[in-house]
Amino acid sequence: MDHFVTDRLTAERLNESHLADLVALHQDPEVSRYLGGVRSAETTKAYLDVNMAHWDRHGFGLWTLRTREGAFAGRAGIRHILVDDVDEIEIFYAFKREFWGRGFASETATALTKIGLSRLMLPSLIGLVYVENGASRRVLEKLNYLLEKSTKRNGIDGVMYRIRQ
Ligand SMILES: CC(C)(COP(=O)(O)OP(=O)(O)OC[C@H]1O[C@@H](n2cnc3c(N)ncnc32)[C@H](O)[C@@H]1OP(=O)(O)O)[C@@H](O)C(=O)NCCC(=O)NCCS
């Protein structure tokens with residue numbers, strides 16, 4: 001589970017050496033637009049600690065993604081999240097801007113969904129997105145996630161999609 005590969009990307013379990021790449025990713029305002037806004041280096045360090053602890057506790061979590069050439073492309077994962085006080089398990093993903101529009105999110109979300117449903121045998125997975133994040137909604141819809149309800153994300157209008165076994 002520490003590594004997986006897709007056609008074009010390799011995924012590595014989150015570790016402390018990924019901090020600088022994550023800090024840079026989270027400081028791009030376009031990337032962070034639907035992720036709660038730009039984060040300071042300290043906030044991203046706390047994010048890294050929380051997500052490493054998630055791995056230790058649950059045996060799955062956040063991976064960093066690289067191209068075959070070794071360039072950092074983004075991050076993606078499977079994690080517990082409270083939605084309207086219910087413990088859900090979501091897939092999530094974010095890519096450096098230069099890698100948008102090449103199908104990387106679809107490729108990664110496909111792999112995450114397979115891991116979640118087939119390897120982890122989870123009964124269902126959700127995707128939580130801002131209403132206005134058309135690209136991310138499209139990724140979930142292409143993978144047959146079904147729109148389940150409206151909710152809030154960071155206090156902003158969001159929607160929750162779900163896929164079941
Ligand atoms: C959202 C994000 C992950 C998409 O990544 P990507 O690799 O460009 O996505 P893909 O190329 O796999 O697929 C995007 C799909 O959305 C479509 N799309 C792009 N912009 C769109 C928009 N504004 N409205 C609707 N659809 C859109 C694309 O045409 C494509 O669909 P297609 O395959 O049918 O042509 C990427 O833009 C990103 O990292 N954004 C910042 C972080 C983020 O928002 N993460 C998601 C949080 S829920």
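Q: Where is M121 found?
A: M121 sits in the loop between helix 4 and strand 6 (124–130). Helices (H or I, at least four residues) and strands (E, at least two) are DSSP runs, numbered from the N terminus. This is a predicted model: local features need pLDDT of at least 70, side-chain atom pairs count only at pLDDT 80 or more, and totals for chains, interfaces and linings use all residues. Residues are numbered from 1 along each chain as its sequence is written.

Q: Why is M121 called exposed?
A: A residue is buried if 20 or more other C-beta atoms lie within 10 Å of its own, exposed if 12 or fewer, and partly exposed in between, with C-beta atoms placed from the backbone. M121 has 8 other C-beta atoms within 10 Å, so it is exposed. Its phi is positive, about 55 degrees, although M121 is not a glycine.

Q: What makes D84 exposed, and where does D84 lie?
A: D84 has 9 other C-beta atoms within 10 Å, so it counts as exposed. It lies in the loop between strand 4 (72–83) and strand 5. D84 also has a positive phi, near 50 degrees, in a residue other than glycine.

Q: Why does G103 count as partly exposed?
A: G103 has 14 C-beta neighbours inside 10 Å, and therefore counts as partly exposed. Its place is in the loop between strand 5 and helix 4. The C-alpha atoms of G103 and R8 are 10.0 Å apart, with their positions 95 residues apart along the chain.

Q: Why is A111 classed as it is, buried or exposed?
A: A111 has 20 C-beta neighbours inside 10 Å, so it counts as buried. A111 is found in helix 4. Leaving out residues up to four places away in sequence, A111 touches F4 and T6. Two residues are in contact if their C-beta atoms, placed from the backbone, lie within 7 Å. A111 and Y93 are 18 residues apart in sequence and 12 Å apart, C-alpha to C-alpha.

Q: Why are S150 and K152 classed as they are, buried or exposed?
A: S150 has 10 C-beta neighbours inside 10 Å, so it is exposed. K152 has 12 C-beta neighbours inside 10 Å, so it too counts as exposed. S150 is found in strand 7 (residues 146–153), and K152 has its place in strand 7 as well.

Q: Which residues do S150 and K152 touch, neighbours up to four places away in sequence aside?
A: S150 touches D157 and V159. K152 is in contact with D157 and G158. In C-alpha distance, S150 is 9.7 Å from V129. K152 is 8.1 Å from Y130, 22 residues apart in sequence.

Q: What supports the length of helix 3?
A: The expected span of a helix is 1.5 Å times one less than its number of residues. Helix 3 (residues 41–58) has 18 residues, so it should span 26 Å; its end C-alpha atoms are 26 Å apart, which agrees. Just after helix 3, G59 takes a positive phi of about 80 degrees.

Q: Why does the radius of gyration agree with a compact globule?
A: The radius is taken over C-alpha atoms, and the globule rule is 2.2 Å times the number of residues to the power 0.38. With 165 residues the rule gives a value near 15 Å; the chain has 15 Å, so the two agree. The C-alpha trace spans about 35 × 35 × 35 Å along its principal axes. Of the 165 residues, 27% count as buried.

Q: How many helices and strands does the chain have?
A: The chain has five helices and eight strands. Along the sequence, the pattern is β-β-α-α-α-β-β-β-α-β-α-β-β.

Q: What makes a residue part of the shell around the ligand, and how many residues are there?
A: A residue is near a molecule if its C-beta atom, placed from the backbone, lies within 6 Å of it. The ligand is surrounded by 21 residues, the closest being A105, S106, G134, A135 and R138. Strand 5 (86–95), helix 4 (104–119) and helix 5 (134–142) are the elements that give two or more residues to this shell. Helix 5 gives the largest share, six residues.
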